[in-house]
Amino acid sequence: LSGLSKYPELKHLLFFTFCLIYTITIIGNLLIFVVTLHPSLRMPMYFFLRVLSFLDISTASIVVPKMLVNFLSADRSISYMGCVAQLYCVIFLAATECYLLAAMAYDRYVAICNPLRYAIIMNSRVCLFLVLLSCCSGNVVSVVQTAWVFALPFCGPRKINYFFCDIPPLIMLSCTDTSLYEKQIIVATALVIFMPFCLILVSYACIISSILKISSAEGRHKIFSTCSSHLTVVTLYYASGTLIYLRPKVSYSQDAKKFMPFTYTAIIPILNPLIYSLRNKDVKEVLIRMMSELM
């Protein structure tokens, strides 16, 4: 894994930067996970938020620790099976999060458009089913993509011009024509990103229609504030995935573009706790209450 080996003078700065990002990511997401376990936050929205925090911790932990070791180590090698495992986990977690964000949008739709039936529709069984469906869908995507990548013949250099094992840098090492495989990636991207994104758009179209019918400005603001947090994460996550996987070979033509996947592997996991805690009044109140009890 070459990483940024062309710029050895930056290795210590990058190490401390990403070490700080990783530490804040773990602490922030663990805090969200613990806070949303509070009895006053036993709602589907916070159940999905706990799962999202777990996925963010897992994604960062799959990529960042190995990257940190490589910054300071002369041996940046990764075993063949280690590369397979890393690619599978990255795709599984990323795809699962895409589907989970769609499930969270559906939860917001039911809460706003069918408030009187919310508790009946979004019961614990339905919430668990949506999470398991997201995980199963992510697993299918990951198994297929990983199997296809490592079915390619690799007869060239064993140097991956990247920080971790991902689809675009791996297919560049193949010594066969990958044009058909690249088309398959575009189809997979459509299934994993655009399909859930379309469901999210439909959900928010219905939500906006309901918001416009509310006469109270305070009520409209409260609903918009809740939804804007989710929309911010959706925009960042789906946009980064589209840019990376829609044109896999072109995306990795320059060293500067190596940083693009850090949007969903390192940056978004650190932003999620900030977005959902700072913009959520209930989470902030519970967090303050828990801190005061500890002190």
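The largest cavity in this predicted model holds about 260 Å³ of space. Seventeen is the number to keep in mind for its wall: 17 residues line the largest cavity, and the closest to its centre are I91, A94, V192, I193 and Y245. If you want to find the spot on the screen, start from those five names.

Which elements give two or more residues to that lining? They are α3 (80-113), α5 (124-149), α7 (179-212) and α8 (217-245).

Next, the chemistry of the wall. By class, 14 of the lining residues are nonpolar and 3 are polar, and no charged residue takes part.

How many cavities of 30 Å³ or more are there? The count comes to 1. As for how such a space is found, rolling a probe the size of a water molecule over the atoms shows where empty space is left.

Now the chain around the cavity. The secondary structure consists of 10 helices and 0 strands. Read from the N terminus, the order of elements is therefore easy to say, as helices are what DSSP runs give here: α-α-α-α-α-α-α-α-α-α.

On burial, the chain has 295 residues, and 48% of them count as buried. The surface that the chain exposes is about 15000 Å², with 71% of it supplied by carbon and sulfur atoms.

Last, the contacts. Take those between residues at least 6 apart in sequence: 79% of them join residues at least 24 apart.

To go back to the start, the model is predicted, and its largest cavity, at about 260 Å³, has a lining with 14 nonpolar residues and no charged ones.

Technical notes: Residues numbered from 1 in each chain as written. Predicted model: local features only at pLDDT ≥ 70, side-chain atom pairs only at ≥ 80, totals over all residues. Heavy atoms only, no water. Helix = DSSP H or I, 4+ residues; strand = E, 2+ residues; numbered from the N terminus. Buried < 20%, exposed > 50% of the residue type's maximum accessible area, 1.4 Å probe, protein only. Contact = heavy atoms within 4.5 Å. Areas by Shrake-Rupley, 256 points an atom, 1.4 Å probe, with all protein chains shown as cover. 1 Å grid on protein atoms, 1.4 Å probe; cavity = no way out; pocket = protein on both sides within 12 Å on 5 of 7 lines; lining within 4 Å. Points joined across faces, edges and corners; volume = space filled by probe spheres on them. Nonpolar A, V, L, I, M, F, W, Y, C, P; charged D, E, K, R; others polar.
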